[in-house]
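Visitor: I should like to learn how to read salt bridges, helices and surface patches in a model of this kind. Please take me through them one at a time.

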Amino acid sequence: MTEPAAGVIDATVLDSSETEERTEPAWGAVVSLALGVFGLVTAEFLPASLLTRLAQDLGITEGAAGQAVTATAVVGAIAAPTMAIVTKRLDRRLVMWGLTVLLIVSNLLAAFASSLPVLLAARVVLGVALGGFWSMSAAMAMRLVPMRLMPRAMSIILTGVSVATVTAAPVGAYVGDVWGWRTAFMIAAIVGALALLVQIATLPKLPPAGVASFGTLLEVLKRPMIRVALLVVLLVASGHFAGFTYVRPYLEQVPVLPIETISLVLLAYGIGGFFGNFAGGFMAERSLKTAVGLAPLLIALSALVLLTLGASPVTAAIAVTAWGFAFGAVPVGLQTWLVRAAPDQAESAGGLMVATFQVAIALGAVFGGLLVDHAGVASAFAYCGTATLLAALVAFLLGPKRAS
């Protein structure tokens with residue numbers, strides 16, 4: 001069999017265990033992408049932990065300050081599917097360096113912001129970096145390691161998400177209280193600079209593989225396995241964010257936990273996600289269908305336990321931790337699925353996934369809010385359980401047949 005160009009796999013070998021390994025794993029470069037993801041997610045989460053002090057200093061309402069998060073999500077959803085098109089003739093190494101530079105610039109702009117428009121501009125820049133980096137990370141991983149090690153590479157990259165999820169909010173809040181919210185953004189800029197230095201030292205030259213276009217996006221979207229994967233993304237993400245957005249009021253109202261205990265439960269959720277990320281990579285290397293199907297099934301079971309047995313503080317804490325573990329495993333399997341379903345257009349597939357994920361986050365949060373306002377917190381958890389159960393069924397019935 002003729003060896004395909006770097007980063008491109010002949011469609012005829014899709015779902016075949018005989019896929020050729022094209023390169024030795026470049027684990028240093030994979031770790032550099034994990035550092036970039038850590039910096040991006042840390043910056044994304046910072047406003048939530050600094051909102052009160054930030055709003056007071058800029059003389060704006062907390063609601064207006066909260067639009068800093070919205071701006072990042074909206075721009076990220078637009079940047080994700082278009083980044084590969086805009087940068088189609090550039091070495092992918094240069095693109096990733098550029099996106100990390102945008103991360104640094106966004107944090108510096110936020111640190112020196114004197115008004116809401118400057119803050120929003122900073123978050124728009126972050127949205128471009130976030131959407132572009134996320135959409136291209138799986139395609140980069142595919143070119144840095146043999147395909148059989150793809151789940152392990154994605155697991156390492158997504159460790160940056162897990163660590164940022166656990167540490168960004170509490171560390172940001174602490175730094176904001178002690179040294180001020182601007183210092184928190186300066187530290188985030190330093191983290192971005194360190195990630196850039198490691199990327200410069202480790203990322204190899206990666207010429208663009210294929211030429212992306214809007215037609216390419218449509219062509220990828222026509223592939224049945226891509227559509228099935230995106231349906232799973234939509235169900236899992238909308239269900240998760242419809243329910244988990246309101247987990248704190250649920251814990252306050254049903255098991256009636258004090259705020260100190262709720263903080264510990266949410267910490268356990270983050271730690272569960274950290275280990276779930278590695279478990280997802282372990283499963284995906286052996287059975288991709290199992291990895292993609294079991295994670296949403298466990299989220300559905302966790303939601304069911306909360307609905308039926310959640311009055312017990314211990315049971316509620318265990319269920320939330322299991323939820324975190326399951327959601328931590330979700331991205332590894334889904335990213336691997338999409339890349340293997342469109343190995344010749346991995347960047348476009350990654351962009352479609354990130355855009356779908358962002359849309360699902362917005363839909364889930366809005367729909368969950370409507371349910372909570374009109375039918376109580378339990379209704380949001382019921383939708384979460386239903387949507388993630390459907391995602392598991394779709395994955396098991398229509399998902400990928402083999403791990404590689």
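Guide: Let us begin with a single residue: arginine 152 counts as partly exposed because its relative accessibility is 40%, where buried means under 20% relative accessible area, exposed over 50% and partly exposed in between (1.4 Å probe, protein chains only). This is a predicted model, in which local features need pLDDT of at least 70 and side-chain atom pairs count only at pLDDT 80 or more, while totals for chains, interfaces and linings use all residues. Residues are numbered from 1 along each chain as its sequence is written, and side-chain values use heavy atoms, with hydrogens and water left out.

Visitor: With which residue does arginine 152 meet in a salt bridge?

Guide: A salt bridge is a side-chain nitrogen of Lys or Arg within 4 Å of a carboxyl oxygen of Asp or Glu. Here the partner of arginine 152 is glutamate 285, at 2.9 Å from N to O. Glutamate 285 lies in helix 10 and arginine 152 in helix 5 (residues 150–179), so the pair ties together parts that are 133 residues apart in sequence. Helices (H or I, at least four residues) and strands (E, at least two) are DSSP runs, numbered from the N terminus. Arg152 and Glu285 also belong to a network of salt bridges with Arg286.

Visitor: How many salt bridges does the structure hold?

Guide: There are 4. One of them joins arginine 182 to aspartate 57, with the closest N and O atoms 3.2 Å apart. Since arginine 182 lies in helix 6 (residues 181–202) and aspartate 57 in helix 1 (residues 27–58), this pair ties together parts 125 residues apart in sequence.

Visitor: Where does helix 4 bend?

Guide: A bend at a residue is the angle between axes fitted to the seven residues ending there and the seven starting there. Helix 4 bends by about 40° at serine 137. As for its surroundings, 22 of the 29 residues of helix 4 are buried.

Visitor: Which residues form the nonpolar patch on the surface?

Guide: Patches are made of residues with over 30% relative accessible area and no salt bridge; like charges are joined within 9 Å, and nonpolar side chains (Val, Leu, Ile, Met, Phe, Trp, Tyr) within 5 Å. In this case Leu264, Leu267, Ile271, Phe275 and Phe325 form the patch, with about 470 Å² of accessible area together. Helix 10 (residues 259–286) gives the most to it, with 4 residues. Isoleucine 271, in helix 10, counts as partly exposed at 39% relative accessibility.

Notes
Areas by Shrake-Rupley, 256 points an atom, 1.4 Å probe, with all protein chains shown as cover.
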